Amino acid sequence: MKEKAKIAVFASGSGSNFAALETASRTGELDAEIVLVLTDKPASFVVERARQTDIRVVGLEPKAFSTKQAYEEAVLDILREEGVEWIALAGYMRLIGPTLLAAYPSRIVNIHPSLLPSFPGKDAIGQAIAHGVKLTGVTVHLVDEGMDTGPILAQVAVPVVEGDEKLTAQAIHAVEHVIYKETLQRLILTNGGVHS
């Protein structure tokens with residue numbers, strides 16, 4: 001039997017996208033195994049979610065390292081220990097640097113709550129509401145050195161609930177939980193899953 005692709009999920013917040021991916025992996029909707037959850041915020045709720053599974057959880061605070069490169073080298077050592085082939089960013093609030101980009105070319109994927117290139121960066125839902133747009137959405141893209149600038153893999157439009165950030169966010173999260181697993185599944189299948 002072919003070995004499943006191994007994914008690390010990077011998260012900084014509540015971990016709802018991690019939970020959706022973990023469920024998809026367990027039920028076979030995502031033909032991959034999540035072997036690691038890495039967070040730069042060890043007190044975040046994603047740690048609690050991950051601890052309810054058998055998945056290894058690592059919390060590394062960047063400020064404990066002298067440079068961004070030193071932080072990413074420590075992360076890379078952990079990824080290699082686990083045999084990680086793909087990285088899925090799920091609310092990970094740090095820019096990926098050259099060390100990880102070089103080690104995982106076209107193998108780092110992010111999900112963002114807007115129709116990129118509109119509203120990149122933090123608080124994309126708040127930005128959309130502040131601009132008065134009627135439609136926002138969800139984008140899954142490959143990660144490059146920029147902020148939410150990598151090649152787009154999938155997008156789905158989501159109507160803005162006028163003036164209501166909470167309801168708009170709920171609608172976006174519901175779409176995220178479907179589109180992320182589907183896009184990762186397609187990506188893994190078309191790239192042969194495991195790389196050397």
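**Entry 1: D148**

I started at D148, which lies in the loop between β6 (135-142) and β7 (152-159). The model I am reading is a predicted one. I looked up the backbone angle of D148 and found a positive phi of about 60 degrees, although D148 is not a glycine. I noted this because most residues other than glycine have a negative phi. Is D148 buried or exposed? D148 has a relative accessibility of 15%, so it counts as buried, the cut-off being under 20%.

**Entry 2: N110, the partner of D148**

Next I asked which side chain D148 meets in a polar contact. The side chain of N110 is joined to that of D148 by a polar contact of 3.3 Å. I found N110 in strand β5, which covers residues 108-112. N110 has 8% relative accessibility and therefore counts as buried. I then listed what N110 touches, leaving out residues up to four places away in sequence. The list is L89, T139, V140, H141, V143, D148 and Y180.

**Entry 3: S114**

I moved along to S114, which is in the loop between β5 and α5 (124-130). I wrote down a relative accessible area of 0% for S114, so this residue is buried. What lies 2.6 Å from a polar atom of the S114 side chain? It is the backbone oxygen of S118. Without counting neighbours within four places in sequence, I have S114 in contact with F119, A124, T136, G137, V138 and T139. I also checked the distance from S114 to Q155, a residue 41 positions away along the chain. Their C-alpha atoms are separated by 8.7 Å.

**Entry 4: two backbone details**

I looked at P117, whose place is in the loop between β5 and α5. The peptide bond from L116 to P117 is cis, and its omega is near 15 degrees. I then went to S106, in the loop between α4 (98-103) and β5. S106 is not a glycine, yet I read a positive phi of about 55 degrees for it. Why did I write these two down? Most peptide bonds are trans, and most residues other than glycine have a negative phi.

**Entry 5: A8**

I went back towards the start of the chain and found A8 in strand β1, residues 5-11. The relative accessibility of A8 is 0%, so I entered A8 as buried. Which residues does A8 contact, leaving aside neighbours within four places in sequence? I listed L36, L79, V84, W86, I87 and A88. I also compared positions along the chain with positions in space for A8 and V35. These two are 27 residues apart along the chain, and their C-alpha atoms are separated by 5.9 Å.

**Entry 6: L101**

I placed L101 in helix α4. L101 counts as buried because its relative accessibility is 17%, and the limit for buried is under 20%. Setting aside residues up to four places away in sequence, I found that L101 touches I96, I108, V143, D144 and E145. For L101 and D40, I noted a C-alpha to C-alpha distance of 17 Å. In sequence, L101 and D40 are 61 residues apart.

**Entry 7: the whole chain**

I finished with the chain as a whole. How many helices and strands are there? I counted six helices and seven strands. Along the sequence they follow the pattern β-α-β-α-β-α-β-α-β-α-β-β-α. The radius of gyration is 16 Å, close to the 16 Å that the globule rule gives for 196 residues, so I noted the chain as being as compact as a globular protein of that length. The C-alpha atoms fill a box of roughly 45 × 45 × 30 Å along the principal axes.

I then looked up the contacts with a separation of 6 or more. Residues 24 or more positions apart account for 64% of them. Buried residues make up 48% of the 196 residues.

For the surface, I wrote down about 9,500 Å² exposed by the chain, with 54% of it supplied by carbon and sulfur atoms. On charge, I found 18 positive and 24 negative side chains. The centres of these two sets lie 1 Å apart.

How values were computed. Residues numbered from 1 in each chain as written. Predicted model: local features only at pLDDT ≥ 70, side-chain atom pairs only at ≥ 80, totals over all residues. Heavy atoms only, no water. Helix = DSSP H or I, 4+ residues; strand = E, 2+ residues; numbered from the N terminus. Buried < 20%, exposed > 50% of the residue type's maximum accessible area, 1.4 Å probe, protein only. Polar contact = N/O pair within 3.5 Å; in protein donor to acceptor, adjacent residues only side chain to side chain. Contact = heavy atoms within 4.5 Å. Rg over C-alpha atoms; globule rule 2.2 N^0.38 Å. Areas by Shrake-Rupley, 256 points an atom, 1.4 Å probe, with all protein chains shown as cover. Lys, Arg positive; Asp, Glu negative; His and termini not counted. Charge placed at Lys NZ, Arg CZ, Asp CG, Glu CD.
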